[in-house]
Structures are given as C-alpha cells and as structure tokens.
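Reader: Could you walk me through this one? I'd like to go pairing first, then the core, then a couple of serines.

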Amino acid sequence: KEAPAAPVSDDLFKFVGQLEEPTYRIEDTAAKGAEALAVIVQLPKIERMSQLHLDVLEDSLQVRGGSYRLKVALPKKIDVNGVSAKFITKKKELKIVAPIVYETVKK
C-alpha cells in the first residue's frame, strides 16, 4: 500500500506566481577605452546590490533577486572577466557593463 503524496504548499504556488521579469535596455557604451555593452535593469522593489545575484556568460546574463528573474541574450559576445555591476539606489536600477569580445580570424 502506497503512502499518500505529501500535499504541495499553497505558498509555493503563490511565490512562483509572483515572479516578475523586470524591464531592461541594452546600450552600446565604452569601458576602459574599449567598446562595451551596458545592460540597465529597472528593479523598483530592490533596495541594495546585496539583494541581487548575477550570472554572466559570454552571450547572456541572468539577474535574480526578490521576486525578479531576468535572462537576457546579449547581441554580442562579452569578456566575462571584465564585467562590472553597480546598483544605483536613487534610480532603483542595476547597470551591468561588459567589454565586447571581437574574435580574430586566423589566416
């Protein structure tokens, strides 16, 4: 005789239902004299950088924090070792700047 399945908490469904994708924009910029991409994410419910988690790959990035979840495909490859991120408290936005990587063609 099998034991009945444990009930799933209603709180889990409430939490999952509250996830939001924040608005963002991607801009061309410069960092340390090199071409770069800037990703600016609007996060009105976030108070400080420590509330955020950022994962960066050469062609995408992911931001998580509070009820926010965002995955962005980047239009150009970036140098993951040169990425900087700053939370601007007054504007409630996260600015991520990453240098663009240009692949050289071998002859």
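Author: Sure, and keep in mind that this is a predicted model. One definition before we start: two strands pair if DSSP finds at least two bridges between them.

Reader: Okay, so which residue stands opposite Ile 88 in E7?
Author: Strand E6 covers residues 84-88 and runs antiparallel to E7, with 5 bridges joining them. The two form a hairpin with 4 residues between them. Opposite Ile 88 in E7 stands Glu 93.

Reader: Which residue in the turn of that hairpin has a positive phi?
Author: The turn sits between E6 and E7, and the phi in question is about 55°. That residue also shows up among the contacts of Leu 43, alongside Glu 93 and Leu 94. The one you want is Lys 92.

Reader: How many residues are in the largest nonpolar core?
Author: Leu 43, Leu 52, Leu 61, Val 63, Leu 74 and Leu 94 touch the most other members. Strands E2 (34-42), E4, E5 and E7 (93-99) each supply at least two of its residues. The full count is 18.

Reader: Is Ser 60 buried or exposed?
Author: Ser 60 lies in strand E4 and touches Asp 55, Lys 71, Val 72, Ala 73 and Leu 74, leaving out residues up to four places away in sequence. Its relative accessibility is 10%, and the cut-off is under 20%, so Ser 60 counts as buried.

Reader: And what is the relative accessibility of Ser 67?
Author: Ser 67 is in the loop between strands E4 and E5. Beyond its neighbours within four places in sequence, Ser 67 contacts Gln 18, Leu 19, Glu 20 and Lys 45. Ser 67 counts as buried because its relative accessibility is 17%.

How values were computed:
Residues are numbered from 1 along each chain as its sequence is written. This is a predicted model: local features need pLDDT of at least 70, side-chain atom pairs count only at pLDDT 80 or more; totals for chains, interfaces and linings use all residues. Side-chain values use heavy atoms; hydrogens and water are left out. Buried means under 20% relative accessible area, exposed over 50%, partly exposed in between (1.4 Å probe, protein chains only). Contact means heavy atoms within 4.5 Å. A nonpolar core is a set of buried Ala, Val, Leu, Ile, Met, Phe, Trp, Tyr and Cys residues joined through side-chain atoms within 4.5 Å.
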